[in-house]
Amino acid sequence: MRRILKDLNFHRPDEMERHILFKAQRNAYLFLVAALVVWSFYESIRVYIYHSRLNLLPCLLLTAAVLIQSLSQLILTRGAVKDDEDSCETGPLVKLVLLACVIAAAAVTAGAAVVLMGVRV
């Protein structure tokens, strides 16, 4: 198995490759968030001008992207400081619980918006 992986040229990226990969992923994430913000404003303006039905998809995608990014950052931070005696372990845990509450509130708000708009799921 190792020979096959070696022949396919799979290797662990070094620090510079990881840094390049991180910057590329960050740039892609920022582009997607900016595109979703522009799409959300476009949908809002369209509803305001033409009195059409509101498309919640860009807003929900934007909210989900931000929540997933925040949640993964908190989980990775908690995992990184888990065995460190100098760090405060309750900080990331409290933030995780708070973020879970925000996610639940966002889900309830989205559900209420769908019900109030009369959209069939």
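Here is a short chat about a predicted model and the reasons behind some of its labels.

Colleague: Let's start with the overall picture. How many helices and strands does the protein chain have?
Modeller: The count is 4 helices and 0 strands, so the pattern along the sequence reads α-α-α-α. Of the 121 residues in the protein chain, 10% are buried. The chain exposes about 10,200 Å², with carbon and sulfur atoms supplying 68% of that.

Colleague: What makes Arg 46 and Glu 43 a salt bridge?
Modeller: The cut-off is 4 Å between a side-chain nitrogen of Lys or Arg and a carboxyl oxygen of Asp or Glu. Here the closest N and O atoms are 2.8 Å apart, so the pair qualifies. By this rule the count comes to 1 salt bridge.

Colleague: And where do Arg 46 and Glu 43 lie?
Modeller: Both are in helix 2, residues 15-50, and they sit 3 residues apart, about one turn of the helix. In general, an α-helix has 3.6 residues a turn, so residues three or four places apart point the same way.

Colleague: Why is Glu 43 called buried, and why does Arg 46 count as partly exposed?
Modeller: Buried means under 20% relative accessible area. Glu 43 has 6%, so it is buried. Arg 46 comes in at 27%, which lies between the 20% and 50% limits, so partly exposed is the label.

Colleague: How do you know that the length of helix 2 agrees with what's expected?
Modeller: At 1.5 Å a residue, its 36 residues should span 52 Å, and the end C-alpha atoms are 52 Å apart, so the two agree. Helix 3 passes a similar check: it has 24 residues and reaches 34 Å from its first C-alpha to its last, close to the 34 Å expected.

Colleague: Which residues of helix 2 are buried, and what covers them?
Modeller: Val 33, Leu 36, Ser 40 and Glu 43 are buried. The cover includes helix 3, residues 57-80. Helix 3 has buried residues as well: Pro 58, Leu 62, Leu 67 and Leu 74.

Colleague: Ser 40 is on that list. Why is Ser 40 called buried?
Modeller: Its relative accessible area is 10%, and the limit is under 20%, so the label holds. Leaving aside neighbours within four places in sequence, Ser 40 is in contact with Pro 58, Cys 59 and Leu 62.

Colleague: What makes the Ser 40 side chain and the backbone oxygen of Leu 36 a polar contact?
Modeller: A polar atom of the Ser 40 side chain lies 2.8 Å from that oxygen. The cut-off is 3.5 Å, so the distance fits.

Colleague: On to the surface. Why is Tyr 50 called exposed?
Modeller: Exposed means over 50%, and Tyr 50 has 63%, so it gets that label. Tyr 50 lies in helix 2, and with Phe 41, Ile 45, Tyr 48 and Ile 49 it makes a nonpolar surface patch of about 670 Å².

Colleague: What comes right after helix 2?
Modeller: His 51 does, and its phi is positive, near 55 degrees. His 51 is not a glycine. As a rule, most residues other than glycine have a negative phi.

Colleague: Where is the place of His 51, and is His 51 buried or exposed?
Modeller: His 51 is in the loop between helix 2 and helix 3. At 69% relative accessibility it is over the 50% limit, so His 51 counts as exposed.

Terms used:
Residues numbered from 1 in each chain as written. Predicted model: local features only at pLDDT ≥ 70, side-chain atom pairs only at ≥ 80, totals over all residues. Heavy atoms only, no water. Helix = DSSP H or I, 4+ residues; strand = E, 2+ residues; numbered from the N terminus. Buried < 20%, exposed > 50% of the residue type's maximum accessible area, 1.4 Å probe, protein only. Expected span 1.5 Å × (residues − 1). Contact = heavy atoms within 4.5 Å. Patch = residues over 30% accessible without salt bridge, like charges linked within 9 Å, V, L, I, M, F, W, Y side chains within 5 Å. Areas by Shrake-Rupley, 256 points an atom, 1.4 Å probe, with all protein chains shown as cover. Polar contact = N/O pair within 3.5 Å; in protein donor to acceptor, adjacent residues only side chain to side chain.
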